Amino acid sequence: MNLWNRLMCTSRRRSPWLFHMNSGSCNGCDIELVASLTPRYDAEQLGVRLEGSPRHADILCITGPVTRNAVQAIKTVYGQVCGPKAVVAIGSCPATTNVFIDSRTLEGPLNRHIPVDVFVPGCPPRPDAIVLGVAKAAEILANRAAKKLHVEPVCVPGTDCATDCASGCAAKAAASHAAAASEVQP
Amino acid sequence: MNLTTALARLLIFPGLLFAVPAAWFFLWVERKAVALMQGRIGPPFMQPFFDFIKLLGKTTPQRSGVAGLLMRLWPLLAVSAAAGAVGLLPVLPSSGGFEGDLILLLALLELPSMCIIAAGFSSRSIFGEIGSAREAVLSVSYNVVFLLAIVSIAASQHTFRLEALAHLPASPLQILGIAAILVCLPAKLHLNPFSLPNAEQEIYSGPMTEYAGPELAMWELSHGLEWVAATGLVATLAAPHLTTWWLAALVFVVLSFAVVLLLSALAAATARLAIDTTVRFYWQCTLIFAVLAISSALLMRFRS
């Protein structure tokens, strides 16, 4: 890797700009995402900036269990984020649809529609878990852009989520749920 | 001013070689000052530099036709205008200059905001159009005071040479003019309480909503260069006349830094006003500055 590529990799890792999208969330995770920018957690130390436009963003933060109405909006916004990009699923809802599982108004979990890089489970997750998830997503994004590698989804451990994440990995649960859902539907 | 000094001023000091790092530094100082005033730690020192490099490496959406070409053109025009404005500042003693360079400086300072207005409309985003309309209204409002303040200082000296204005002895008129310019700077730099055009989260990002990647990097850079030019204008007007070049450069940097801190403190301490309140503020409350400045300039002309 030459100097310019190394500089670009560092810059991508240290300047993650977020776009926050709610796909039918109860607002619990949204509040925690905003809380991670407050003085107590201060995600701006990592270069995080919450952007108003998806065009400016590197990392798409999605909360909520993906309602039927939100599917097309999610795909549109995912397309509007310019590459290289990463997706962080915040909360248990986008990972597994949580307590709303099997609801007929839902089209979740999220990774049925767009590729997800980091799952931050919890109902809601703590702000420090969200900050960790964003930092991991930035690292994944930088590495993927540099090496063109496919990176498996990551789960942020250390969260106190007892409902659907006993093994500490919502990603596995999400994958199994997706498989189950595809079996049921024709 | 011959070609060599002109190129040196444009490219080295106070031009690009100084102004681009200074732009990143001022952007960092603004973010850091706001963070410290809110009780946070704030972004690391290299943050604006990393943001710039990262934006250069991002892809841009496919755009075709004249609108796509214009969307690529406006940020470049804004950057070159702002860089030219910085290059014109008479920082060093006996740096030359020409008759009427003040008018060129004012035009170049105005060009980035014209570009922002055009950029919002050519992006054809509804949020961009709202932001551009706000920028246009705002620029009509604050420019009355801004231009009258500078023109009254120039009129009292019978010249449009920047160097003559920079070497002005301290007078009540000069203090009045600098105060009027300082009142206009938050609107010119889109800071709170007048951050209306790019009102974050309210109208997404205003005129910048559709811009991505390198274009957005150029907008960030032009914003930083506007910081350097606008604070530098105040610094050159306020600086005492010094004959040593390094002392003059040092005083320029320190005064610019002080203005940046002042504006950041104001931005952190205030919330965004509505557009009608802002327009009323500039037309009703600060016009008194302009009237006072222009009348004292006329008085000085009659006395001399």
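Here are some notes on the two chains of this predicted model, A and B.

1. Ground rules. Residues count from 1 along each chain as its sequence is written, while chains are lettered from A and ligands numbered from 1 in the order in which they are written. Since we're looking at a predicted model, local features need pLDDT of at least 70 and side-chain atom pairs count only at pLDDT 80 or more, though totals for chains, interfaces and linings use all residues.

2. Confidence. The model comes in at ipTM 0.84 and pTM 0.88. For chain B the mean pLDDT (the predictor's confidence in each residue, from 0 to 100) is 88, with 98% of residues at 70 or more. Within chain B, helix H3 (residues 47–56) has the highest mean, 95, and helix H12 (residues 287–303) the lowest, 79. Helices here are DSSP runs of H or I with at least four residues, strands are runs of E with at least two, and both are numbered from the N terminus.

3. The A/B interface. Chain A puts 17 residues in contact with 27 residues of chain B, where contact means C-beta atoms, placed from the backbone, within 7 Å. Chain A's side of it splits into four nonpolar, eight polar and five charged residues. For that split, Ala, Val, Leu, Ile, Met, Phe, Trp, Tyr, Cys and Pro are nonpolar, Asp, Glu, Lys and Arg are charged, and the others, Gly among them, are polar.

4. Layout of chain A. You'll find six helices and six strands, running α-β-α-β-β-α-β-α-β-α-β-α from the N terminus. Of the 186 residues in chain A, 54% are buried, that is, with 20 or more other C-beta atoms within 10 Å of their own (12 or fewer is exposed, in between is partly exposed; C-beta atoms are placed from the backbone). Take the chain A contacts between residues at least 6 apart in sequence: 81% of them join residues at least 24 apart.

5. Strand S1 of chain A. Five of the six residues in S1(A) (residues 17–22) are buried, so the strand is largely enclosed by the rest of the structure. S1(A) pairs in the parallel sense with S2(A) (residues 49–50) over two bridges, and pairing needs at least two DSSP bridges. Trp17(A) has Arg49(A) as its bridge partner there. The link from S1(A) to S2(A) goes through helix H2 (residues 28–35) of chain A as a right-handed β-α-β crossover (clockwise from the first strand over the helix to the second, with the strands pointing away from the viewer). S1(A) also pairs in the parallel sense with S3(A) (residues 59–63), over five bridges, with Phe19(A) partnered by Leu60(A).

6. Cores. The largest nonpolar core (buried Ala, Val, Leu, Ile, Met, Phe, Trp, Tyr and Cys joined through C-beta atoms within 7 Å) has 97 residues, and Ala293(B) is among those touching the most other members. Helix H9 (residues 213–238) of chain B supplies the largest share, 15 residues. Beyond its neighbours within four places in sequence, Ala293(B) contacts residues including Leu148(B), Ala149(B) and Leu173(B). A second, separate core of 43 residues includes Val87(A) and Ile140(A).

7. Two residues to look at. Pro121(A) sits in the loop between S5 (118–120) and H5 (127–147) of chain A, and it counts as buried because it has 32 C-beta neighbours inside 10 Å. Leu298(B), in helix H12 of chain B, is partly exposed, with 13 other C-beta atoms within 10 Å.

Technical notes. Two residues are in contact if their C-beta atoms, placed from the backbone, lie within 7 Å.
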